[in-house]
Amino acid sequence: AQGRVVVNDFSLFYDENGPAGAFAACGDGVLRAVTFGGESLWTAQADPSTCYFAAVSPGGKKIATSGTDGALRIFGTDGKLLRRIGG
């Protein structure tokens, strides 16, 4: 059985052929990187209130998320938390 994932926000990532997938900030608090083919590249678990918006850096190397706790979190493309600001 497949579950339902509520996505609050997402940001596309690209490869040499164009759009390849998306980083998604989900309603369950998980930041996910998923290819358009359905392959999950990685996930990073957070509290549901801390993962509401997602944006990828211009170089495609970092992902920023924000949430209702007032903190900005910066993740690497491997899913590791690099920095937390505020909150």
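In this predicted model, a polar side-chain atom of Ser-11 sits 3.2 Å from the backbone nitrogen of Val-56. Ser-11 itself belongs to strand β1, which covers residues 7-15. With a relative accessibility of 13%, Ser-11 falls under the 20% cut-off and therefore counts as buried. Once neighbours within four places in sequence are set aside, the contacts of Ser-11 come in two runs of numbering: Gly-21, Ala-22 and Phe-23, then Ala-54, Ala-55 and Val-56. Val-56, the partner in the polar pairing, thus turns up in the contact list as well.

One of those contacts, Phe-23, leads straight to the aromatic residues. The count of aromatic pairs comes to 2. In one of them, the ring centres of Phe-13 and Phe-23 are 4.9 Å apart and the planes meet at 45°, so this pair is tilted. The pair ties together distant parts of the chain, with Phe-13 in strand β1 and Phe-23 in strand β2, 10 residues apart. Both Phe-13 and Phe-23 are buried. Phe-23 also pairs with Trp-42, again in a tilted arrangement, at 5.9 Å from centre to centre and with 35° between the planes. Here too the link is between distant parts of the chain: Phe-23 lies in strand β2 and Trp-42 in strand β4, 19 residues apart. Put together, the ring pairs make a cluster out of Phe-13, Phe-23 and Trp-42. As for burial, Phe-23 has a relative accessible area of 4%, and Trp-42 counts as buried at 10%.

Phe-23 and Trp-42 show up again in the largest nonpolar core. This core has 13 residues, and Phe-23, Leu-31 and Trp-42 are the ones that touch the most other members. Strands β2 (18-26), β3 (30-35) and β4 (40-45) are the elements that each give two or more residues to the core. Strand β2 supplies the largest share, 3 residues. In soluble globular proteins, nonpolar side chains tend to be buried together. Leu-31 has a long list of partners beyond four places in sequence: Ala-24, Ala-25, Trp-42, Thr-43, Ala-44, Cys-51, Ala-54, Ile-63, Thr-65 and Phe-75. Ala-54 is thus a contact of Leu-31 and also of Ser-11.

Further along the chain, Arg-73 sits in strand β7 (residues 71-76). What is the state of Arg-73, buried or exposed? Its relative accessible area is 9%, so Arg-73 is buried. The side chain of Arg-73 makes a polar contact of 3.1 Å with the side chain of Asp-69. Arg-4 is 69 residues away from Arg-73 along the chain, and the two C-alpha atoms are 25 Å apart.

Stepping back to the whole chain, the tally is 0 helices and 8 strands, so the order from the N terminus is simply β-β-β-β-β-β-β-β. The radius of gyration is 12 Å, close to the 12 Å given by the globule rule for 87 residues, which means the chain is as compact as a globular protein of that length. The C-alpha trace spans about 35 × 35 × 15 Å along its principal axes. Of the 87 residues, 36% are buried. The accessible surface amounts to about 5300 Å², and carbon and sulfur atoms account for 53% of that. Among contacts between residues at least 6 apart in sequence, 18% join residues at least 24 apart.

Methods: Residues numbered from 1 in each chain as written. Predicted model: local features only at pLDDT ≥ 70, side-chain atom pairs only at ≥ 80, totals over all residues. Heavy atoms only, no water. Helix = DSSP H or I, 4+ residues; strand = E, 2+ residues; numbered from the N terminus. Buried < 20%, exposed > 50% of the residue type's maximum accessible area, 1.4 Å probe, protein only. Polar contact = N/O pair within 3.5 Å; in protein donor to acceptor, adjacent residues only side chain to side chain. Contact = heavy atoms within 4.5 Å. Core = buried A, V, L, I, M, F, W, Y, C linked by side-chain atoms within 4.5 Å. Rg over C-alpha atoms; globule rule 2.2 N^0.38 Å. Areas by Shrake-Rupley, 256 points an atom, 1.4 Å probe, with all protein chains shown as cover. Phe/Tyr/Trp six-rings, centres within 6.5 Å; stacked < 30°, edge-to-face > 60°.
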